[in-house]
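Reader: I am new to this structure and would like a close look at a single part of it, taken slowly. Please begin with the setting and then go into the detail.

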Amino acid sequence: MSLNITFHGAAGMVTGSKHLLDLPNGQRLLLDCGMFQGEGPASDAKNRRFGFDPKSIDALVLSHAHIDHSGLIPRLVAEGFRGPIYATEATYDLCKIMLVDSAFIQENDYRFDAKRAKKQNRAMTEIGPLYSTADVETAMELFRLVPYETATEVLPGVSLTFIDAGHILGSASVHLTVSSSEGVRRITFSGDVGRYVDRLLPDPKPFPQADVIICESTYGDRDHNEVAGSVQELLTHVQRVCVEQQGRLIIPAFSVGRTQEILYVLNHAFNEGKLPRVPVFVDSPLSINATAIYRKHSDLLQTDIREELKSDSDLFGFPGVEFVREASRSKELNTRKGASITIAASGMMDAGRVRHHLLHGLPDANNAVLIVGFCAPGTLGAKLMEKPSEVHMFGEVVPVRAAILRMDSYSAHADRNELLRWIGCQDPGLVKRVFLVHGVDHSLNGLRDLYSEHGFRKIDIPKQGERFEI
Ligand SMILES: [Zn+2]
């Protein structure tokens, strides 16, 4: 069977997820259309050059709404793609707000940088936005909603089933059955795999037997710390930074997923009288809307969370939380004195309002930055994890006196053992090929060793643009 796959993103790296299937009948199916992030002008250049003609794509299947998986859909559309986009309903709802937000952030960041460059009397090196909000609107009209566990024909001879991946609301692994006169090929793309721990979302679900598996590897060589104790750890940080030092605890977080989880934990702590009286600011208009979407799709949450909703109708809000919508209020917070917790996007700190909080907050030794998610190499988040004495932001040198804290336990990605558990539903003898994507070198190599120890043969780590016959 002439069936090929080409890896156009998340190949040897974690962003830009984009895998192109060339089908036996000549049609082309794209899995995800994510944005490259974290490499400044290099990412920008990659985001402007797909490596294939968007007009030649017949359909797109989207695993979940995170920008490194969905963020270039409006660009694809701006360059002529007009096929259907298959996604779960929750993914559609989240994309509707996240892609508009992405267009806004690009426009705002560009304007801010341009203003600053002018003030500093230097040449403008930044490049304009990748797409407009009008492109987002056109893209949203192309979505076709597919429920979990429901086989749907997406192209002639191609059947799609979404399996709950437990990573963020609406997230799915993608199981495809490709039929031709020469036979049938079953392909599973993991999307991003979530955790098998008691949190907002149910565990990742098992998937039907596949011949070819494309699997994410974000934490392929590492196990997360135990979740038990993580609430106490978070509260200890709050106690030290906000109560003892009267400083600001800045928590950079994805507006979707991580922010709701942190709020859920704080809500519990507040209800149980464990959270000291500290003002909490959620400085992300997007997370306000995302929280509403979590409420709308509460049927997708864990059973016990649904039970809890009966007695506490607002799992993400409690007295003392302020959701900040207006930019002017966000600016006031930058220079606000006294103790507070600020949750702001983006999680990797390369865009959005959190950069302004860091610009003002990093020089003060009483403050702390708590990193709760994965930060791609090259991003400001990854740089801060190295605990440097200074960082460069907005063309300035900013001293880092604030403490840099880290907690893995809130990660939305499966760790090494959980990735093994995810693939454990498969008979390794029947899997002909495994491709490892969405990881840096050491995590990709670690997962390859682990999977091969467990009987999986022919495991490849594709390079950017590499094509394979499957
Ligand atoms: Zn994701």
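Author: In this predicted model, the C-alpha centres of domain 1 and domain 2 lie 26 Å apart. Domain 1 is made up of residues 4-222 together with 412-469, whereas domain 2 covers 230-406. Where the two domains meet, 28 residues of domain 1 are in contact with 28 residues of domain 2, and the side of domain 1 that touches domain 2 has 15 nonpolar, 6 polar and 7 charged residues.

The part to look at closely is an open sheet of 6 strands, with parallel pairing, in the order β14-β13-β15-β12-β16-β19. At its edges stand β14 (321-323) and β19 (403-406), and because each has a single partner strand, one side of each is left without a neighbour in the sheet. Neighbouring strands of this sheet are turned against each other by 20° on average, direction ignored.

Within this order, strand β13, residues 280-283, runs parallel to strand β15, residues 340-344, and 4 bridges join the two. One residue pair that can be picked out here is Asp-283, whose bridge partner in β15 is Ala-344. Helix α11, which spans residues 354-361, packs on the sheet and touches β12 (248-252), β15 and β16 (368-371), while its direction makes about 145° with that of β12.

Strand β12 deserves a slower reading. It is joined to β15 by 5 bridges, and these two strands run parallel; on its way through the sheet β12 is also joined to β16, again in parallel, by 2 bridges. A single residue of β12 shows both pairings, since Ile-250 stands opposite Thr-342 in β15 and also opposite Val-369 in β16.

How are the side chains of such a strand arranged? In a regular strand they alternate between the two faces of the sheet. In β12, Arg-248, Ile-250 and Pro-252 lie on one side and Leu-249 and Ile-251 on the other, and as all of them are buried, both faces of the strand are covered. The cut-off behind this word is that a residue counts as buried if 20 or more other C-beta atoms lie within 10 Å of its own. By that count 5 of the 5 residues of β12 are buried, so the strand is largely enclosed by the rest of the structure.

Definitions and conventions:
Residues are numbered from 1 along each chain as its sequence is written. This is a predicted model: local features need pLDDT of at least 70, side-chain atom pairs count only at pLDDT 80 or more; totals for chains, interfaces and linings use all residues. Two strands pair if DSSP finds at least two bridges between them. Helices (H or I, at least four residues) and strands (E, at least two) are DSSP runs, numbered from the N terminus. Axes are lines fitted to C-alpha atoms, for helices over the stretch in contact, and angles run from 0 to 180 degrees between N-to-C directions. Two residues are in contact if their C-beta atoms, placed from the backbone, lie within 7 Å. A residue is buried if 20 or more other C-beta atoms lie within 10 Å of its own, exposed if 12 or fewer, and partly exposed in between; C-beta atoms are placed from the backbone. Domain bounds come from an automatic or database domain assignment. Ala, Val, Leu, Ile, Met, Phe, Trp, Tyr, Cys and Pro count as nonpolar, Asp, Glu, Lys and Arg as charged, and the others, Gly among them, as polar.
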